[in-house]
Amino acid sequence: MAGIETRIEVKGVEELNKKLQPKTVKEPLADGIRKITLELDRTAKMATPVDIGFLGASITNEIAPEYGKIMVQTDYASFVELGTKKMEARHIVGSKRVYGLGMFGYAIQVISKKMGDFMKELGINIERKMD
């Protein structure tokens, strides 16, 4: 009975493994996480409605190589973000108050539109590390 024999040889695996060392990806990824976190923080602060400024000032961030976190330190932030029975969620664009979406929801929308650019920059930075 006749059979078919197939042989596949993959060349360059050792070279590829050297290029894909954790340092090659980790540093550009950490930089990307930092940039996205800072942009989200800045956008949320700019979109925060201001009475006396405490809510916007209470927005902080924590950045590590593997993650970015945005936090708010007030008891009433969720009411502004999500709204209540008597008050609609709200954020600010320029000097205009916009209802229906809180400052973080708005910031996430803005960042989502920029994600393609962030990912493109990440890819370029990883490629540079591989050279």
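Residue M119 is found in helix α5 of this predicted model. Its relative accessibility is 48%, so M119 counts as partly exposed, the range for that class ending at 50%. M119 lies 25 residues from G94 in sequence, and the C-alpha atoms of these two residues are 27 Å apart in space.

Helix α5 comprises 28 residues, from 103 to 130. At 1.5 Å a residue, a helix of this length should span 40 Å, and the distance of 39 Å between its end C-alpha atoms therefore agrees with expectation. The helix nevertheless has a kink of about 50°, centred on K114. Buried positions in α5 are M103, F104, G105, A107, V110, I111, F118, L122, N125 and I126. The cover over these residues includes three helices, namely α2 (22-46), α3 (54-57) and α4 (77-82). It also includes strands β1 (59-64), β2 (67-72) and β3 (90-93).

The largest nonpolar core contains 13 residues, and the members that touch the most others are A44, L55, M103 and F104. Helices α2, α4 and α5 each supply at least two residues of this core. The greatest contribution is that of α5, with 5 residues. Two of the residues with the most contacts in the core, M103 and F104, are also listed among the buried residues of α5. Leaving aside residues up to four places away in sequence, L55 touches T48, V72, T74, Y76, A77, V80 and M103. The contact between L55 and M103 thus joins two of the core members named above.

Helix α2 has 25 residues, for which a rise of 1.5 Å a residue predicts a span of 36 Å. Its end C-alpha atoms are 36 Å apart, so the separation agrees with the prediction. The buried residues of α2 are T24, P28, A30, G32, I33, I36, T37, E39, L40, D41, T43 and A44. Polar and charged side chains such as those of T37, E39 and D41 are included in this list. Cover for the buried residues of α2 is provided by elements including α1 (13-19), β1, β2 and α5.One of these residues, T37, is placed in helix α2. T37 has a relative accessible area of 7% and is buried, because this value is under 20%. Residues up to four places away in sequence not being counted, T37 touches N61, E62, I63, G68, K69 and I70.

Strand β1 contains A64. A64 is buried, with a relative accessible area of 16%. Although A64 and R34 are 30 residues apart along the chain, their C-alpha atoms are separated by 7.8 Å.

Strand β3 contains I92. I92 has a relative accessible area of 14% and is buried. Its contacts, with residues up to four places away in sequence excluded, are M46, A47, T48, P49 and R97. The C-alpha atoms of I92 and K35, which are 57 residues apart along the chain, are separated by 22 Å.

The loop between β4 (96-99) and α5 holds G100. At a relative accessibility of 47%, G100 counts as partly exposed. G100 touches E88 and A89 when residues up to four places away in sequence are not counted. Between G100 and Q73, 27 residues apart along the chain, the C-alpha separation is 22 Å.

The chain as a whole has 5 helices and 4 strands. Read from the N terminus, these elements follow the order α-α-α-β-β-α-β-β-α. The radius of gyration of the chain is 23 Å, whereas a compact globule of 131 residues would have a value near 14 Å. Along the principal axes, the C-alpha atoms fill a box of roughly 80 × 35 × 25 Å. Of the 131 residues, 31% count as buried. The accessible surface comes to about 9700 Å², and carbon and sulfur atoms account for 57% of that surface. Among contacts between residues at least 6 apart in sequence, 50% join residues at least 24 apart.

Definitions and conventions. Residues are numbered from 1 along each chain as its sequence is written. This is a predicted model: local features need pLDDT of at least 70, side-chain atom pairs count only at pLDDT 80 or more; totals for chains, interfaces and linings use all residues. Side-chain values use heavy atoms; hydrogens and water are left out. The expected span of a helix is 1.5 Å times one less than its number of residues. The bend at a residue is the angle between axes fitted to the seven residues ending there and the seven starting there. Buried means under 20% relative accessible area, exposed over 50%, partly exposed in between (1.4 Å probe, protein chains only). Contact means heavy atoms within 4.5 Å. A nonpolar core is a set of buried Ala, Val, Leu, Ile, Met, Phe, Trp, Tyr and Cys residues joined through side-chain atoms within 4.5 Å. The radius of gyration is taken over C-alpha atoms; the globule rule is 2.2 Å times the number of residues to the power 0.38. Accessible areas come from the Shrake-Rupley method with a 1.4 Å probe; for residues, only the protein chains shown count as cover.
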